[in-house]
Amino acid sequence: MTAILLALGASLAWGFADFGAGIGSRRLPVFVVALVMQSAGLVVAGIAVAITGAPAPSWGQAAWAAFAGLAGVGGLTAFYRALAVGSMGIVGPISTTAAIVPLAYGLARGERPSALQAAGVVLAVLGVAGASLEQVPETAARRIGAGVGLALLAAAAFGCSLIGLSRAAPGGIAWAVWIMRIVAVPCMLTLVLVLGVQRPSRPMWPLLIGVGIGDTGATLLYAAATTRGLLSVVAVLASLYPVVIVVLARTVLSERIARPQLLGVAVALAGVALISAG
């Protein structure tokens with residue numbers, strides 16, 4: 001039961017954090033949103049390292065964590081921009097297909113997926129295709145939905161980040177997350193300074209800091225859940241965060257999603273669940 005509650009808590013925290021990031025990205029440049037979010041996460045992860053008192057990881061594990069941080073920067077930038085320009089109810093589920101990337105990595109290393117995982121890959125691809133097409137107003141034609149390309153780019157980057165995190169995790173989950181943020185914050189700060197983008201207004205700070213705390217907290221909750229229960233169960237439960245985004249987008253922003261796209265979302269989520277459960 002503890003693992004289930006932790007995984008559901010991670011899913012809920014990721015959903016609220018990503019929804020908040022989407023709101024922030026519609027009012028501010030994505031680099032500013034990512035910088036504040038990563039900075040808040042750096043503090044949270046640092047506190048976790050101090051509390052756990054775990055020994056520092058090896059140089060190899062630290063390098064994998066740094067790689068995960070760099071990939072995460074690219075993924076967050078693309079994801080937040082996709083949330084800003086597209087429908088959150090479509091972008092969120094598409095990003096969960098990041099699970100395909102670690103699966104491909106495992107295949108390259110000699111692993112063989114189960115029948116469930118193979119079926120999940122097919123469903124995920126079909127679901128992305130269905131969710132990506134939106135009807136052109138006043139015609140029967142369909143086009144690629146806004147933000148879909150960015151969501152797919154984010155999924156690829158998130159998948160790479162998951163690979164790096166999995167290789168760094170044996171050296172300590174808190175350390176891995178902290179190193180990820182240490183790498184990400186200077187990158188985002190450099191982009192903000194070079195581009196000279198606007199600073200957040202005072203009312204935006206609580207939202208952005210909350211996003212950072214929620215995202216990092218969700219990562220730590222997920223890591224804790226994997227140590228207390230079956231990974232197949234934990235992964236499925238934690239992958240439900242797009243449901244939170246869809247519900248919030250419909251209730252708070254009054255987003256309307258066409259039925260074929262909703263079906264695509266459901267199929268994509270089913271594919272992700274099969275990949276995780278396999």
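This note walks through a predicted model, from its overall make-up to a few local features.

1. **Overall make-up.** The protein has 12 helices and 2 strands. Along the sequence they run α-α-α-α-α-α-β-β-α-α-α-α-α-α. Of the 278 residues, 47% are buried. Take the contacts with a separation of 6 or more: 88% of them join residues 24 or more positions apart.

2. **Confidence.** The mean pLDDT is 79. A value of 70 or more is reached by 86% of the residues. Which elements mark the two ends of the scale? Helix H2 has the highest mean pLDDT, 89. Strand E2, residues 142-144, has the lowest, 48.

3. **A stretch to read with care.** Residues 140-144 have pLDDT below 50. This stretch still has 17 contacts in the model beyond near neighbours in sequence. Where pLDDT is low, predicted coordinates should not be read in detail.

4. **The second largest pocket.** This pocket holds about 190 Å³ of space. It is lined by 14 residues. Leu35, Val36, Val192, Pro200 and Trp205 are the closest to its centre. Three helices each give two or more residues to the lining: H2 (30-52), H8 (173-195) and H9 (204-226). H2 gives the largest share, 5 residues.

5. **Character of that lining.** How do the lining residues divide into nonpolar, polar and charged? The split is 11 nonpolar, 2 polar and 1 charged.

6. **Thr77.** This residue lies in helix H3, which covers residues 59-85. Is Thr77 buried or exposed? Its relative accessibility is 16%, so Thr77 counts as buried, the cut-off being under 20%. Leaving aside residues up to four places away in sequence, Thr77 touches Val30, Phe31 and Met188. Val30 falls within the range of H2 (30-52), as does Phe31. Met188 falls within the range of H8 (173-195).

7. **Helix H11: length.** H11 covers residues 241-252, 12 residues in total. What span should H11 have at 1.5 Å a residue? The expected figure is 16 Å, and the end C-alpha atoms are 16 Å apart, so the two agree.

8. **Helix H11: burial and exit.** Buried residues in H11 are Tyr241, Pro242, Val244, Ile245, Val246, Leu248 and Ala249. An α-helix has 3.6 residues a turn, so residues three or four places apart point the same way. Tyr241, Val244 and Leu248 are among the buried residues of H11. After H11 comes Ser254, with a positive phi near 60°.

Note on methods
Residues are numbered from 1 along each chain as its sequence is written. This is a predicted model: local features need pLDDT of at least 70, side-chain atom pairs count only at pLDDT 80 or more; totals for chains, interfaces and linings use all residues. Side-chain values use heavy atoms; hydrogens and water are left out. On a 1 Å grid over the protein atoms alone, a cavity is a set of points where a 1.4 Å probe fits but cannot get out, and a pocket is an open set with protein on both sides within 12 Å along at least five of seven lines; lining residues have an atom within 4 Å of a point. Grid points are joined across faces, edges and corners, and a volume is the space filled by probe spheres set on the points. Helices (H or I, at least four residues) and strands (E, at least two) are DSSP runs, numbered from the N terminus. Ala, Val, Leu, Ile, Met, Phe, Trp, Tyr, Cys and Pro count as nonpolar, Asp, Glu, Lys and Arg as charged, and the others, Gly among them, as polar. The expected span of a helix is 1.5 Å times one less than its number of residues. Buried means under 20% relative accessible area, exposed over 50%, partly exposed in between (1.4 Å probe, protein chains only). pLDDT is the predictor's confidence in each residue, from 0 to 100. Contact means heavy atoms within 4.5 Å.
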